[in-house]
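Student: Hi! I've got a model open and would like to talk through its fold with you. Could you have a look?

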Amino acid sequence: MSLCDDVRSAAREILTHQEVTLISHIDADGIAGESILAQALSRAGIHHTSVFVRQLEPMTMRQVPEDKTFKLFCDLGAGQQNLLAERGLREEEVLIVDHHVSQPCEREYPQVNCLPHGFSKMSAAGVAYLVAMEMDPGNVDLSRLAVVGNVGDMMAREDCGLVGPAREIALQGAGAGCIEVISRDLNCYGTSTRPLHVCLAYNDDPFIPGITNNVNGALRFLQKLGIDLQTPEKRWLVWEEIPPVDKRLVTSSLVQQIISCGERADRLFSESYLFPGEAARTPLRNAQEFATLLNACGRWTRPRVGGAICRGDRGPAYREAEHMLTNHRAVIRDLLEYILNTGVRELSHIQFIHVGSRYPDTIVGIGAGMALSRLNMEKPILVMVEQPEDPALTKVSMRTTERVVGRGIDLQQALTTASAEVGGAGGGHRIAAGAFIPKESEEHFVNRVNQLISEQRCAEGQGHR
Ligand SMILES: [Mn+2]
């Protein structure tokens, strides 16, 4: 059975039900995926309600109603099929729309999952979109949300753009006029909302000496090019507003700056995904910033606000999300300062810090990533935080750079191995990973991760000999 076959039978199955409960994850991908499926259901005249969970575990399973409704899991479920079996759910009342690794289970729940078909760079929102399109080709407008989910789950990060079926979705949206796909755009976050010099200074992939983490340096660099950086009313221009000829001047000068520092300039460019129907200079204009807005809603446990925005609310829900985004950024900035002021402890191959219970565990990964570009970027950073619901558990977030990943470092492998050894669990990507571990094993764990990273470095060194 191909992914197409699975998508077809999933759509057929969904359309036979009158009452559906959607269970989804509270991150950008989960919120986007839920909105895709919910809108496809509404348009098909199928009644539905939604439940959002941070993760599917015995405690949150209680939020899944024990009733006759068909249970549609999105962005979760594949790895927690035992929980569904424990609940006594039958195969015929469940469908899993996911992109995570499946867990073996005595019951085989029907699922549509891109991962076993070899598509590792597509998220749950992408899969949800394929199902929605199979239900009704009129759902092509939902391609925007699929792209937001994919980008939110960092599917475009490694290759500087989406690939495979996730990219097909973006192109399909472009064909329908709801997405603008820009190849070789500036690989920078905030191209729709941040003044260009701020946008450049906040970017650390690639790291540009004199510009990264240096707002004044970035401004001087741009001023020397002699292009207009402000409107006649003295409002700073964002990248999206810069005329093409000036854009080319900026990128070619950045390439020179990077090359003159002996670095490679290939990561300066990436494909970007814009939504021309949205208001200018808002985070709704591009997939990356839209995803951050949804993540902010999820991280402050208001996923439904994000869901309302995905369904088109540009009034109260959008204003509430903007507040959350502002708050989200303020707390992340505070965390960044805390890490830098407190200082990290360095081991031979990693650096780490414990932030106690000062910050919500949902943002420490982002803070870690931002702190890294101001620290020794050669050593992956590991941040530990207390779990509010369970003080016996510590949440671990780890981040590194594309450069270090290119040398064979795999944070997911290190955290998965080390956490399993102490009875915890981990997962993620090579560049960014997380884990839960028992509090009492923190010290041992950190040393073990250091050792695993050092082994990865050695293995890679041998590979080059
Ligand atoms: Mn996901």
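Tutor: Happy to. Let's begin with one pair of residues: Leu382 has Met398, in β11, as its bridge partner. Keep in mind that this is a predicted model.

Student: Nice, and how many bridges join β10 to β11?

Tutor: There are 6 bridges between β10 (residues 381-386) and β11 (residues 393-399), and the two strands run antiparallel.

Student: Which sheet has β10 and β11 in it, and what is the strand order?

Tutor: It is an open sheet of 6 strands, ordered β8-β9-β10-β11-β13-β12, and its pairing is mixed. At the edges are β8 (345-346) and β12, each of which pairs on one side only.

Student: Tell me about β12. Which way do its side chains point?

Tutor: They alternate along β12 (residues 425-428). Gly426 and Gly428 point to one face and are buried, whereas Ala425 and Gly427 point to the other face and are not buried.

Student: And how does β12 connect to β13?

Tutor: The two form a hairpin, with 3 residues between them. They run antiparallel, and 4 bridges join β12 to β13 (residues 432-438). If you want a pair to click on, Ala425 stands opposite Phe436 in β13.

Student: Let me zoom out. How many helices and strands are there in the protein?

Tutor: The protein has 17 helices and 13 strands. Its radius of gyration is 22 Å, close to the 23 Å that the globule rule gives for 465 residues, so the protein is as compact as a globular protein of that length.

Student: What about the box and the burial?

Tutor: Taken along the principal axes, the C-alpha atoms fill a box of roughly 65 × 55 × 45 Å. As for burial, 46% of the 465 residues count as buried.

Student: For contacts between residues at least 6 apart in sequence, what share joins residues at least 24 apart?

Tutor: That share is 62%.

Student: OK, domains. Where do they fall?

Tutor: Domain 1 covers 3-175, domain 2 covers 184-332 and domain 3 covers 343-464. The C-alpha centres of domain 1 and domain 2 lie 29 Å apart. Their contact takes 19 residues from domain 1 and 20 residues from domain 2.

Student: Which helices supply at least two residues each on the domain 1 side?

Tutor: α2 (28-43) and α6 (143-152) each do, on the side of domain 1 that touches domain 2. By class, that side has 12 nonpolar, 4 polar and 3 charged residues.

Student: Is α6 mostly covered or mostly open, then?

Tutor: Mostly covered: 10 of its 10 residues are buried. Among them are Arg144, Leu145, Val148 and Asn150.

Student: What do the buried residues of α6 pack against?

Tutor: They pack against α2, α5 (124-135), α7 (164-175), β7 (269-274), α11 (287-299) and α12 (303-310). One backbone detail to look at: just after α6, Met154 takes a positive phi of about 65°.

Student: And on the other side, what is in the loop between α5 and α6?

Tutor: Val140 is found in that loop. With 18 other C-beta atoms within 10 Å, Val140 is partly exposed, because a residue needs 20 or more to be buried. Leaving aside neighbours within four places in sequence, Val140 is in contact with Met133, Gln172, Gly173 and Ala176.

Student: How far is Val140 from Cys160?

Tutor: They are 20 residues apart in sequence and 24 Å apart in space, C-alpha to C-alpha.

Student: Back to α2. Which strands does α2 lie across?

Tutor: α2 lies across β1 (19-25), β2, β3 (70-74) and β4, and runs at about 165° to β1. Those strands belong to an open sheet of 5 strands with parallel pairing, in the order β2-β1-β3-β4-β5.

Student: Why do β2 and β5 each have one side without a neighbour in that sheet?

Tutor: β2 (47-53) and β5 (111-113) stand at the edges with a single partner strand each, so one side of each is left without a neighbour in the sheet. The twist averages 15° from one strand to the next.

Student: Last one: how many bridges pair β4 with β5?

Tutor: β4 (residues 94-98) and β5 pair over 3 bridges, in the parallel sense. Ile96 stands opposite Gln111 in β5.

Terms used. Residues are numbered from 1 along each chain as its sequence is written. This is a predicted model: local features need pLDDT of at least 70, side-chain atom pairs count only at pLDDT 80 or more; totals for chains, interfaces and linings use all residues. Domain bounds come from an automatic or database domain assignment. Two residues are in contact if their C-beta atoms, placed from the backbone, lie within 7 Å. Ala, Val, Leu, Ile, Met, Phe, Trp, Tyr, Cys and Pro count as nonpolar, Asp, Glu, Lys and Arg as charged, and the others, Gly among them, as polar. The radius of gyration is taken over C-alpha atoms; the globule rule is 2.2 Å times the number of residues to the power 0.38. A residue is buried if 20 or more other C-beta atoms lie within 10 Å of its own, exposed if 12 or fewer, and partly exposed in between; C-beta atoms are placed from the backbone. Two strands pair if DSSP finds at least two bridges between them. Axes are lines fitted to C-alpha atoms, for helices over the stretch in contact, and angles run from 0 to 180 degrees between N-to-C directions.
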